[in-house]
Amino acid sequence: MAHDTPPRWDRKMQQRLSRGEAAALGELYDQFAVLVHGMAHRVLDDEEAADQITREVFARVWEHPEDFEPRKESLRSWIASLTRQLAVQRLRQLHQERNGPAEQVEEHVQAASAAARADYIVTSMPASLRAALELAYIHRRDYRQTAAHLGVTEDEARRRLRLGLQLLSTASKGALPQLGRPGLGSQR
């Protein structure tokens, strides 16, 4: 389920972190630790490394809350981007230490990065889109069956599938879309 946060919450959280409120960091950790750890694990495929990245992400957020720009992105997207950046850096470092060919390193990094972005997108998209995609692509239902199962019109089922696929297509482009923003039908 998506953990969308309103922009106002994001700004207040940044202000609290800037004032050094340890409770704010605890709340932020409770809200986003699963996302951070999951993304790091997806990129690195290593529990210990994912734990370390999780610590690094929250340490960076604590030390530099001013780096977050609420007008540009949500706090969730900023933390996800930071996680991806640190995990990919760690992955490159690990591959270089193993002296793998540069081409193979970059291929592996790109594949892991795209997979992490796709995971982020799927877990962040509104439940209505996620349910439609799951029915269509995991349970192999066509849009008519999907519409009937969800209790929506066929046009609405097609719209949800199309929007869900559009969001997923951004995973290969390296962007983390602004999910949970107006126009995407986010739910809280």
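This text walks through the confidence, a helix packing and the aromatic pairs of a predicted model.

Residues are numbered from 1 along each chain as its sequence is written, and side-chain values use heavy atoms, with hydrogens and water left out. Because the model is predicted, local features need pLDDT of at least 70 and side-chain atom pairs count only at pLDDT 80 or more, while totals for chains, interfaces and linings use all residues.

Start with confidence. pLDDT is the predictor's confidence in each residue, from 0 to 100. Its mean over the protein chain is 81, and 84% of the residues reach 70 or more. Helices are DSSP runs (H or I, at least four residues), numbered from the N terminus. Helix α3 (residues 47-63) has the highest confidence, at a mean of 95, and helix α5 (residues 102-124) the lowest, at 73. Over residues 178-188 the pLDDT is below 50. This stretch still has 30 contacts (heavy atoms within 4.5 Å) in the model beyond near neighbours in sequence.

Now turn to helix packing. Two packed helices are described by the angle between their axes and the distance between the axes. Here, axes are lines fitted to C-alpha atoms over the stretch in contact, and angles run from 0 to 180 degrees between N-to-C directions. Helix α6 (residues 127-138) packs against α8 at about 95 degrees, with the axes 8 Å apart. That makes α6 roughly perpendicular to α8 (65 to 115 degrees). From α6, the contact includes Ser128, Leu129 and Ala132; from α8, it includes Arg160, Leu161 and Gly164. Its residues divide into 10 nonpolar, two polar and one charged.

Arginine 160 deserves a look of its own. The residue is found in helix α8 (residues 154-169). Arginine 160 counts as buried (under 20% relative accessible area, 1.4 Å probe, protein chains only), because its relative accessibility is 15%. Leaving aside neighbours within four places in sequence, arginine 160 is in contact with Ser128, Leu129, Ala132, Leu150 and Val152.

Aromatic rings come last. The whole structure holds three aromatic pairs (ring centres within 6.5 Å). Tryptophan 9 and phenylalanine 32 have ring centres 6.3 Å apart and planes at 65 degrees, so this pair is edge-to-face (over 60 degrees). The pair links helix α1 (residues 7-18) to helix α2 (residues 22-44), across 23 residues. Tryptophan 9 is partly exposed (20% to 50%), at 26%. Phenylalanine 32 is buried, at 0%. Phenylalanine 68 and tryptophan 78 form a tilted pair (30 to 60 degrees), 5.5 Å centre to centre with 40 degrees between the planes. Phenylalanine 68 lies in the loop between α3 and α4 (75-97) and tryptophan 78 in helix α4, so the pair ties together parts 10 residues apart in sequence. Both residues, phenylalanine 68 and tryptophan 78, are buried.

Notes: Helices (H or I, at least four residues) and strands (E, at least two) are DSSP runs, numbered from the N terminus. Rings of Phe, Tyr and Trp (its six-membered ring) pair if their centres lie within 6.5 Å; planes under 30 degrees apart count as stacked, over 60 as edge-to-face and the rest as tilted. Angles under 35 degrees count as roughly parallel, over 145 as roughly antiparallel, 65 to 115 as roughly perpendicular and the rest as oblique. Ala, Val, Leu, Ile, Met, Phe, Trp, Tyr, Cys and Pro count as nonpolar, Asp, Glu, Lys and Arg as charged, and the others, Gly among them, as polar.
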